[in-house]
Amino acid sequence: MNTIIKQIELIERIDRLIRMQGTGNAIDLAGKLGVSRATLYRIIEMMKELNAPIEYDFTIQSFVYAENVGFKFGFYIQDMPYGEMRSVSGGSAFKNLHFLSVVS
């Protein structure tokens, strides 16, 4: 689990540096992150597989996003619309619980 958290933290740091247009080249960015260049490129490829439009801008010497994107990782509490709640499959116990909450 610790490895996953470290990977997510690296992605968050890369995202923050890209938004600031302060990554520098691949060697600089790898140094800032304390990883090898190969590891950096693996992480960037993973981000691209998750639809991050990352490009390298030679004029500013930084990785950039080609489009405005948002990145958040974590669990957040939010209200779920009734229609969406009904589509969640939670088994028969969930159906009974939902019925009780509607009736009350």
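What share of the 104 residues in the protein is buried? I began with this count on what is a predicted model, and I found that buried residues make up 24% of the 104 residues. For the accessible surface of the protein I noted about 8100 Å², with 57% of it belonging to carbon and sulfur atoms.

**Entry: layout.** I then read the secondary structure along the sequence, where five helices and two strands follow the pattern α-α-α-β-β-α-α. Among the contacts with a separation of 6 or more, I noted that 45% are between residues 24 or more positions apart.

**Entry: the core.** I looked up the largest nonpolar core, which has 17 residues, and wrote down I14, L40, M47, I54 and F63 as the members that touch the most other members. At least two residues of this core come from each of α1 (2-19), α2 (26-33), α3 (37-49) and β2 (62-65), and α1 gives the most, with five residues. As background I keep in mind that nonpolar side chains tend to be buried together in soluble globular proteins. For I14 I listed the contacts beyond four places in sequence, and these are L33, L40, I43 and M47.

**Entry: helix α3.** I checked the length of α3 first: its 13 residues should span 18 Å at 1.5 Å a residue, and the C-alpha atoms at its ends are 18 Å apart, which agrees. I then asked which residues of α3 are buried, and the list is L40, I43, I44 and M47. These residues lie on the same side of α3, because the arc they cover around the axis is only 100°. On the face turned away from that buried side I found the exposed residues R42 and E49. The buried residues of α3 pack against α1, α2 and both strands, β1 (54-57) and β2. Just after the helix I also noted N51, which takes a positive phi of about 75°.

**Entry: the hairpin.** I turned to the strands, where β1 and β2 run antiparallel and are joined by four bridges, one pairing being that of I54 with its bridge partner Y65 in β2. The two strands form a hairpin with four residues between them, and in the turn Q61 has a positive phi of about 55°. Is β2 covered on one face or on both? I found both faces covered, since S62 and V64 on one side and F63 and Y65 on the other are all buried.

**Entry: S62.** I wanted a closer look at S62, which is found in strand β2. S62 counts as buried because its relative accessibility is 0%, against a limit of under 20%. Not counting residues up to four places away in sequence, S62 touches Q21, G22, T23 and G24, and also E55, Y56 and D57.

**Entry: A26.** I closed with A26, which lies in helix α2 and is buried at a relative accessible area of 8%. Beyond its neighbours within four places in sequence, A26 is in contact with R37, L40, Y41 and F63, and I recognised L40 and F63 from the core members that touch the most others. I also noted the pair A26 and Q61, which stand 35 residues apart in sequence and 9.4 Å apart in space, C-alpha to C-alpha; Q61 is the residue in the hairpin turn with the positive phi.

Key:
Residues numbered from 1 in each chain as written. Predicted model: local features only at pLDDT ≥ 70, side-chain atom pairs only at ≥ 80, totals over all residues. Heavy atoms only, no water. Core = buried A, V, L, I, M, F, W, Y, C linked by side-chain atoms within 4.5 Å. Buried < 20%, exposed > 50% of the residue type's maximum accessible area, 1.4 Å probe, protein only. Contact = heavy atoms within 4.5 Å. Expected span 1.5 Å × (residues − 1). Arc of directions from axis to C-beta. Areas by Shrake-Rupley, 256 points an atom, 1.4 Å probe, with all protein chains shown as cover. Pairing = 2+ DSSP bridges.
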